[in-house]
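Here's a quick briefing for anyone meeting this structure for the first time. Have a look at the model below, then read on for the main points.

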Amino acid sequence: MSTIAEVNPAPGSEGARRASGDSGARGPAGAPDPEVSERAKRRRFTAEYKLRVLREADGCKGDGDLGALLRREGLYSSHLALWRRQRDEIAKAGLKARKRGPKPKAVDSRVKQLERENARLQRQLEQAETIIDFQKKLSKLLGISLKPPTSGESD
């Protein structure tokens, strides 16, 4: 007959985990271990560092040199690919022809709308003045007298 033997983990081994995912690493008073940072900080690389690493990576000729560089710097090959792409885009932007002279000022959409409305009203005014001039000439030809303008109107 087979017997089921219960195996107890040795003290200090991993053992059972809690449901929250906490492995139970606590300090003497039940407080979290102060040595462990709560949240990993995102690394930021300077442009000079990126260029230096890219120059070193481009200079790697032998087998395993590039891997050794990446391990030494704690980087991934995707870092190099991204940094090369960024370097090429910046180089292309630097060679692109640029317009000379002062840069145009950004125009507010409200200003553009008011300018369109002003142009529309100017066209209407010109049309109304043309009609009024035509009416004046027609009344002169037909001998019809027009009322003089009131004090608020100008001719």
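Is Trp83 buried or exposed? Trp83 turns out to be buried, since its relative accessible area is 4%. Keep that residue in mind as you go through this predicted model, because Trp83 lies in helix 3 and pairs up with Phe45 from the segment before helix 1, tying together parts that are 38 residues apart in sequence.

**The overall layout**

- You'll find four helices and zero strands in the chain.
- Reading from the N terminus, the order of elements is α-α-α-α.
- The chain has 155 residues, and 8% of them count as buried.
- Take the contacts between residues at least 6 apart in sequence: 48% of these join residues at least 24 apart.

**The nonpolar core**

- Nine residues make up the largest nonpolar core, and Trp83 is one of them. The other members are Tyr49, Val53, Leu54, Ala57, Leu69, Leu70, Leu75 and Leu80.
- Three helices each put in at least two residues of this core: helix 1 (47–59), helix 2 (65–73) and helix 3 (77–95).
- Helix 1 is the top contributor to this core, giving four residues.
- For a look at one core member's surroundings, try Ala57: setting aside residues up to four places away in sequence, Ala57 touches Leu66, Leu69, Leu80 and Arg84.

**The aromatic rings**

- The structure has three aromatic pairs.
- One of them joins Phe45 and Trp83, with ring centres 5.1 Å apart and planes at 70°, so this pair is edge-to-face.
- Phe45 itself is partly exposed, at a relative accessible area of 23%.
- Trp83 also pairs with Tyr49, and that pair is edge-to-face too: the distance is 6.2 Å centre to centre, with 80° between the planes.
- Tyr49 sits in helix 1 and Trp83 in helix 3, so their pair links parts that are 34 residues apart in sequence.
- Tyr49 is buried, with a relative accessible area of 18%, which falls under the 20% cut-off for that label.
- Put these rings together and you get one aromatic cluster made of Phe45, Tyr49 and Trp83.

**His79 and its contacts**

- His79 is another residue of helix 3.
- At a relative accessibility of 17%, His79 counts as buried.
- Which residues does His79 contact, leaving aside its neighbours within four places in sequence? Those are Arg43 and Phe45, the latter being the ring that pairs with Trp83.

**The second largest pocket**

- The second largest pocket holds about 160 Å³ of space.
- Trp83 shows up here as well, in a lining that also includes Ala47, Lys50, Leu51, Leu54, Gln86, Arg87 and Ile90.
- Helix 1 and helix 3 each provide at least two residues of that lining.
- By type, the lining residues split into five nonpolar, one polar and two charged.
- Leu54 is worth spotting too: it belongs to the largest nonpolar core and also lines the second largest pocket.

**If you remember one residue**

- Make it Trp83, which is part of the largest nonpolar core, belongs to the aromatic cluster with Phe45 and Tyr49, and helps line the second largest pocket.

Definitions and conventions
Residues are numbered from 1 along each chain as its sequence is written. This is a predicted model: local features need pLDDT of at least 70, side-chain atom pairs count only at pLDDT 80 or more; totals for chains, interfaces and linings use all residues. Side-chain values use heavy atoms; hydrogens and water are left out. A nonpolar core is a set of buried Ala, Val, Leu, Ile, Met, Phe, Trp, Tyr and Cys residues joined through side-chain atoms within 4.5 Å. Buried means under 20% relative accessible area, exposed over 50%, partly exposed in between (1.4 Å probe, protein chains only). Contact means heavy atoms within 4.5 Å. Rings of Phe, Tyr and Trp (its six-membered ring) pair if their centres lie within 6.5 Å; planes under 30 degrees apart count as stacked, over 60 as edge-to-face and the rest as tilted. On a 1 Å grid over the protein atoms alone, a cavity is a set of points where a 1.4 Å probe fits but cannot get out, and a pocket is an open set with protein on both sides within 12 Å along at least five of seven lines; lining residues have an atom within 4 Å of a point. Grid points are joined across faces, edges and corners, and a volume is the space filled by probe spheres set on the points. Ala, Val, Leu, Ile, Met, Phe, Trp, Tyr, Cys and Pro count as nonpolar, Asp, Glu, Lys and Arg as charged, and the others, Gly among them, as polar.
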